[in-house]
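The following exercises concern one structure and are each followed by a worked solution. Please study the sequence and the model before reading on.

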Amino acid sequence: MNYPQAVQADTGPATGFPVETYRQDFPILEQTVRDMPLVYLDNAATAQKPRQVIEVLDDYYRSYNSNIHRGVHTLSELATDAYETARKKIQRFINAESLQEVIFVRGTTEGINLVAQSYGRSRLGAGDEIIVSTMEHHSNIVPWQLLCEQTGAVLKVIPINDAGELDMDEYKNLLNERTRIVAIVHISNALGTINPIAEITGQAHAAGAVVVIDGAQAAPHTKLDMAALDCDFYTFSGHKLFGPTGIGVLYGKQALLEDMPPYHGGGDMIKMVTFEKTLYNDLPYKFEAGTPYIAGVIGLGAAVDYVSDVDLDRIHDYEHGLLRYAAEAAATVPGLRLIGTAADKASILSFVVDGIHPHDLGTILDHDGIAIRTGHHCAMPVMERFGIPATARASFAFYNTTEEVDKLVAGIDKAKNIFK
Ligand code: C6P
């Protein structure tokens, strides 16, 4: 396809971003699907893994697989060292003040549930209020609904406008002295909207509330800086950040974490156990009960190294160009409507096409080796807000190219011809 030169120049090799070189780090991208080169545009669901991560996982299981914090033998010391080194890498990656503030969890979902059950359940009571927004993933809705059922707290919802942006005036109206928790997504998985987290946090703090940020979609696309955001809790998943599935991070301010009861009980989260009384371990171990996903943590450390080498500022700029290119290409398709047109957006193109159900579109694209996600994206209230059952969603990573966007658009054209 031919698009204006200015757009191409912004996204192609002219930017100096060596996308083809980076692609070679991802073995899975070399394969064909249904005899067509794989075009992987489902990165918001899970991102692919570079060989730098795969090799670290392989090395752990081949050379020093062992339990941590327990053994005095060499392998256990190696594994413990690698595990705790990964924590240091993540502390630097998110600019947390201390290692005690970095807790390993299974993923974003567990991070939010931990805060809801440990912080929320111990502190909230009947009539207290929790603010979420219309654009939340179910992982940032249901844990708060459970907490409301348990405590009698009440859920309040910030509406969004037609572009898929938070109504910040309404947010200010919702904040009051009963607000205890504000739980907001950093980047929406269904719309791509980037929310103004520092501003949201400042206003919540002024009202005396703590702030929990769902960073599942932000970590792979934007530099994280806990000191600058000043939120109280922030959580993300490793698998969207080019690391393993089943591992993630919960950041929490140390003073809050110190005061919170454990979420899970078991080994490693204790100092001393008798039948009369148990003394809990220090942070961060108080929240890491049982044998953790050791390989996952070490793999996540490797993923953080990798993505830091590529450089999140460069990733942000490249993806911004790619998204703009994709949005302009999509605008050339009659009957295609973007869902989510916020002024500040990241890497997600959610859309519907007249006369084609998103699932049919996804199936037809798959025949050409193009992987997108279709459905409600675990954000049913977003679908309800826009009056649609589902969208098709192409989500980009820094290894995607303008040629792949062209293939997506050609695939949509093909589907339209089939359904004509
Ligand atoms: N979104 C998507 O295709 P877990 O499953 O715990 O790693 O992440 C949950 C989650 C929480 N918040 C947001 C904003 C998310 O996008 C996700 C995961 C995937 O959009 C799977 S539904």
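In what follows, Ala, Val, Leu, Ile, Met, Phe, Trp, Tyr, Cys and Pro count as nonpolar, Asp, Glu, Lys and Arg as charged, and the others, Gly among them, as polar. The model is predicted: local features need pLDDT of at least 70, side-chain atom pairs count only at pLDDT 80 or more, and totals for chains, interfaces and linings use all residues. Residues are numbered from 1 along each chain as its sequence is written, and side-chain values use heavy atoms, with hydrogens and water left out.

**Exercise 1.** State into how many nonpolar, polar and charged residues the shell around the ligand divides.

*Solution.* The shell consists of 5 nonpolar, 8 polar and 4 charged residues. Of the 17 residues around the ligand (a heavy atom within 4 Å of it), those that come nearest are Thr109, Asp214, Gln217, Ser237 and Arg373.

**Exercise 2.** Determine which domains supply the shell around the ligand.

*Solution.* Begin with the division of the protein chain: domain 1 covers 5–30 + 311–418 and domain 2 covers 53–309, with bounds from an automatic or database domain assignment. The contact between them (heavy atoms within 4.5 Å) takes 36 residues from domain 1 and 33 residues from domain 2. Finally, each of the two domains gives at least three residues to the ligand shell.

**Exercise 3.** Describe the atom pairs that link glutamine 217 and histidine 239 to the ligand.

*Solution.* An N or O atom in the side chain of glutamine 217 is 2.7 Å from an oxygen atom of the ligand. For histidine 239, a side-chain N or O atom lies 2.8 Å from a ligand oxygen atom. As for cover, the ligand taken alone exposes 510 Å², of which the protein buries 87%; the areas come from the Shrake-Rupley method with a 1.4 Å probe.

**Exercise 4.** Is cysteine 231 buried or exposed?

*Solution.* Buried means under 20% relative accessible area, exposed over 50%, and partly exposed in between (1.4 Å probe, protein chains only). Cysteine 231 is buried because its relative accessible area is 0%.

Terms used:
Polar contact = N/O pair within 3.5 Å; in protein donor to acceptor, adjacent residues only side chain to side chain.
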